[in-house]
Amino acid sequence: MAMAMAVIITIAIVGIMPTDNAPHRSVNSGVRGSGVRSNVAGPVCGVLIGLALIACAIPRILAYSAIAPWSGLVPVALAEGLPIDEPSLIAARASYATALKWQTGSADIAQSYVFLSMRLPESTRNEAGDAVQFLPEPLRVLKQSAAAAPGASRTWGMLAKVEQRAAAPVSEYADYLRLSASLAPYEVSSVITRVDTMMRVVNELPDDLAAFAKRDVRTLWMKPYLRKFLVGIYLDQDFSGRAAIRRLAFDDVRDGRHFDRMLLEVLNIGPNS
């Protein structure tokens with residue numbers, strides 16, 4: 001599509017360029033010829049450029065048309081950690097796969113596709129609970145997205161997350177976490193992805209990533225509107241991850257008590273439950 005646009009614009013430019021090698025005519029005939037040519041070249045050039053712009057927009061239109069039916073469900077469910085029923089999950093994933101064929105460089109579409117893949121129903125998972133058979137495809141999609149938009153911090157964080165899900169050692173995805181933390185240290189979606197990933201291997205992190213982990217956990221706790229995400233991550237961790245979150249996040253006992261009250265609210269546990 002980019003090649004087609006280049007060709008059309010080139011034709012348009014050539015159409016309005018003067019031709020020095022044209023046969024010499026009299027002054028009067030030259031003026032008349034130039035006027036006719038100018039009158040024709042302007043509209044033609046406009047039409048060609050318009051066609052080029054339309055041609056470039058078509059893939060984007062087709063991509064977002066494919067995922068339009070899920071625009072009210074998938075972004076909210078992924079951002080808030082809400083459940084998606086199995087039929088909707090499978091259908092939405094197929095729609096995002098179609099969209100990626102049209103917009104291979106879209107970080108947003110790629111990330112949503114990978115999140116949906118990682119939520120595959122238990123029937124498609126192996127005994128360890130990992131969607132192993134689907135992991136090569138999300139990895140390919142993320143690497144393609146990272147190549148197209150290397151400044152997208154969340155993509156690098158998600159690459160680390162998927163590599164971790166595939167049971168790769170920390171050393172194989174540590175650089176992805178470093179890139180994510182360096183590119184966007186306080187971007188909320190990136191911070192959430194990194195914290196969830198790093199807390200699962202908190203005792204294996206090299207010193208620089210341990211420092212990033214502390215900063216990210218503190219970011220989620222120090223901003224009240226982000227604390228709900230820290231609660232969700234905490235509940236999804238093993239005991240070492242939970243202990244690390246408490247150690248890194250809280251300044252004093254009061255912070256811990258407040259966090260515990262939030263946990264009780266989420267779990268619907270209280271005096272009257």
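**Exercise 1. In which helix is the place of Q111? Work out its surroundings too.**

Step 1. Find the element: Q111 sits in helix α5. Helices here are DSSP runs of H or I with at least four residues, strands are E runs of at least two, and both are numbered from the N terminus.

Step 2. Check the burial. Q111 has a relative accessible area of 6%, so it is buried. The cut-offs are under 20% relative accessible area for buried, over 50% for exposed and partly exposed in between, with a 1.4 Å probe and protein chains only.

Step 3. List the neighbours. Leaving out residues up to four places away in sequence, Q111 touches R154, T155 and M158. Contact means heavy atoms within 4.5 Å.

Before you go on, a word on the model: it is predicted, so local features need pLDDT of at least 70 and side-chain atom pairs count only at pLDDT 80 or more, while totals for chains, interfaces and linings use all residues. Residues are numbered from 1 along each chain as its sequence is written, and side-chain values use heavy atoms, with hydrogens and water left out.

**Exercise 2. Describe the overall make-up of the chain.**

Step 1. Count the elements: the chain has 13 helices and zero strands.

Step 2. Look at burial: of the 273 residues in the chain, 41% are buried.

Step 3. Look at sequence separation. Take the contacts between residues at least 6 apart in sequence; 64% of them join residues at least 24 apart.

**Exercise 3. Work out how α7 and α8 pack, and what the loop between them looks like.**

Step 1. Start with the axes. Helix α7 (residues 153-165) and helix α8 (residues 170-183) have axes that come within 8 Å and cross at roughly 155°. Axes are lines fitted to C-alpha atoms, for helices over the stretch in contact, and angles run from 0 to 180 degrees between N-to-C directions.

Step 2. Name the arrangement. α7 and α8 are therefore roughly antiparallel to each other. Angles under 35 degrees count as roughly parallel, over 145 as roughly antiparallel, 65 to 115 as roughly perpendicular and the rest as oblique.

Step 3. Add the handedness: the α7 and α8 crossing is left-handed, that is, the near helix is turned anticlockwise from the far one by less than a right angle (clockwise would be right-handed).

Step 4. Pick out the residues. α7 brings S153, W156, G157, L159, A160, E163 and Q164 to the contact, and α8 brings Y173, Y176, L177, L179, S180 and L183. Sorted by type, the contact of α7 with α8 has eight nonpolar residues, four polar and one charged. For this sorting, Ala, Val, Leu, Ile, Met, Phe, Trp, Tyr, Cys and Pro are nonpolar, Asp, Glu, Lys and Arg are charged, and the others, Gly among them, are polar.

Step 5. Move to the loop. A167 lies in the loop between α7 and α8, and at 67% relative accessibility A167 counts as exposed. A167 has a positive phi of about 70° although it is not a glycine. Most residues other than glycine have a negative phi.

Step 6. Compare A168, which is also found in the loop between α7 and α8. A168 has 14% relative accessibility and so counts as buried. Beyond residues up to four places away in sequence, A168 touches E163 and Y173.

**Exercise 4. Now follow Y173 into the nonpolar core.**

Step 1. List the contacts of Y173. Not counting residues up to four places away in sequence, these are A160, E163, Q164, A168, T197 and V201.

Step 2. Place Y173 in the core. The largest nonpolar core has 64 residues, and Y96, Y173, M199, L220, L230 and F259 touch the most other members. Such a core is a set of buried Ala, Val, Leu, Ile, Met, Phe, Trp, Tyr and Cys residues joined through side-chain atoms within 4.5 Å.

**Exercise 5. Work out how α10 meets α12, and what surrounds α11.**

Step 1. Take the geometry: helix α10 (residues 207-222) and helix α12 (residues 239-249) pack at about 75°, with axes 9 Å apart. α10 and α12 are therefore roughly perpendicular to each other.

Step 2. List the contact: A213, K214, V217, R218 and W221 in α10 meet I245, L248 and A249 in α12.

Step 3. Turn to helix α11 (residues 227-235), whose buried residues are R227, F229, L230, V231, I233 and Y234. Their cover includes α3 (74-80), α9 (188-199), α10, α12 and α13 (253-266).
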